[in-house]
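The report below describes a ligand site and a sheet, with the terms explained where they are used.

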Amino acid sequence: MLKEAPLAIVVCADTSNVKYDGAFWVQDIAASVQNILLQGEALGLGTCWCGVYPKEELVENMSKLTNLLEHIILVVVVAVGHPVEEREVRERYNPDRVHNETW
Ligand SMILES: Cc1cc2nc3c(=O)[nH]c(=O)nc-3n(C[C@H](O)[C@H](O)[C@H](O)COP(=O)(O)O)c2cc1C
């Protein structure tokens, strides 16, 4: 879908500017991507989270394509477009996957 999307948002981590010991940037990126998806939905747009990091080959190729500096890690590309179909929302909650107190 990326090829046809009118917009792609490339979400990256700047490893030269991390808080704490740097171990949390993956979670920061995931939260920001989720916010991008929610905002897209609010604007009536369609989005798709395309995972890049930590697949080395994808990271390497996509970084070359976007001409990134060494300390910038490309983590996710979000395709943004105009949805052509409405999908039914399925209930997938499975209580067996919820663990209380311990796993
Ligand atoms: C970490 C992550 C990586 C993803 N990478 C891709 C991807 O590379 N290509 C793609 O088409 N969708 C990708 N998706 C989107 C999923 O295919 C799917 O559209 C999304 O998770 C919503 O569907 P679900 O409710 O069935 O999970 C990714 C989603 C997540 C959370």
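An oxygen atom of the ligand lies 2.6 Å from a polar side-chain atom of Arg 92, which is a polar contact, that is, a pair of N or O atoms within 3.5 Å. Taken alone, the ligand exposes 600 Å², of which the protein buries 35%, with accessible areas taken from the Shrake-Rupley method with a 1.4 Å probe.

This is a predicted model, in which local features need pLDDT of at least 70 and side-chain atom pairs count only at pLDDT 80 or more, whereas totals for chains, interfaces and linings use all residues. Residues are numbered from 1 along each chain as its sequence is written, and side-chain values use heavy atoms, with hydrogens and water left out.

Two backbone contacts also reach nitrogen atoms of the ligand, and the table lists them beside the contact of Arg 92.

| Residue | Protein atom | Ligand atom | Distance |
|---|---|---|---|
| Arg 92 | polar side-chain atom | oxygen | 2.6 Å |
| Trp 49 | polar backbone atom | nitrogen | 2.7 Å |
| Gly 51 | backbone N or O atom | nitrogen | 3.0 Å |

The ligand is surrounded by Met 1, Cys 48, Trp 49, Cys 50, Gly 51 and Arg 92, where a residue is near a molecule if one of its heavy atoms lies within 4 Å of it. By class, this shell has 4 nonpolar, 1 polar and 1 charged residues, under a scheme that counts Met, Cys and Trp among the nonpolar residues, Arg as charged and Gly as polar.

The sheet is open and has 3 strands in the order S1-S3-S2, with antiparallel pairing; strands are DSSP runs (E, at least two residues) numbered from the N terminus, and two of them pair if DSSP finds at least two bridges between them. Strand S1 (7-14) and strand S2 (46-51) are the edge strands, each pairing on one side only. From one strand to the next, the twist averages 25°, an angle between N-to-C directions on a scale from 0 to 180 degrees, with axes fitted to C-alpha atoms.

Strand S3 (residues 72-81) is joined to S1 by 8 bridges, and in this antiparallel pair Val 11 stands opposite Val 76, while Cys 12 stands opposite Leu 74. S2 and S3 are joined by 6 bridges and also run antiparallel, with Gly 81 in S3 as the bridge partner of Gly 46. S3 is mostly covered, since 9 of its 10 residues are buried, meaning under 20% relative accessible area.

Notes: Polar contact = N/O pair within 3.5 Å; in protein donor to acceptor, adjacent residues only side chain to side chain. Helix = DSSP H or I, 4+ residues; strand = E, 2+ residues; numbered from the N terminus. Buried < 20%, exposed > 50% of the residue type's maximum accessible area, 1.4 Å probe, protein only.
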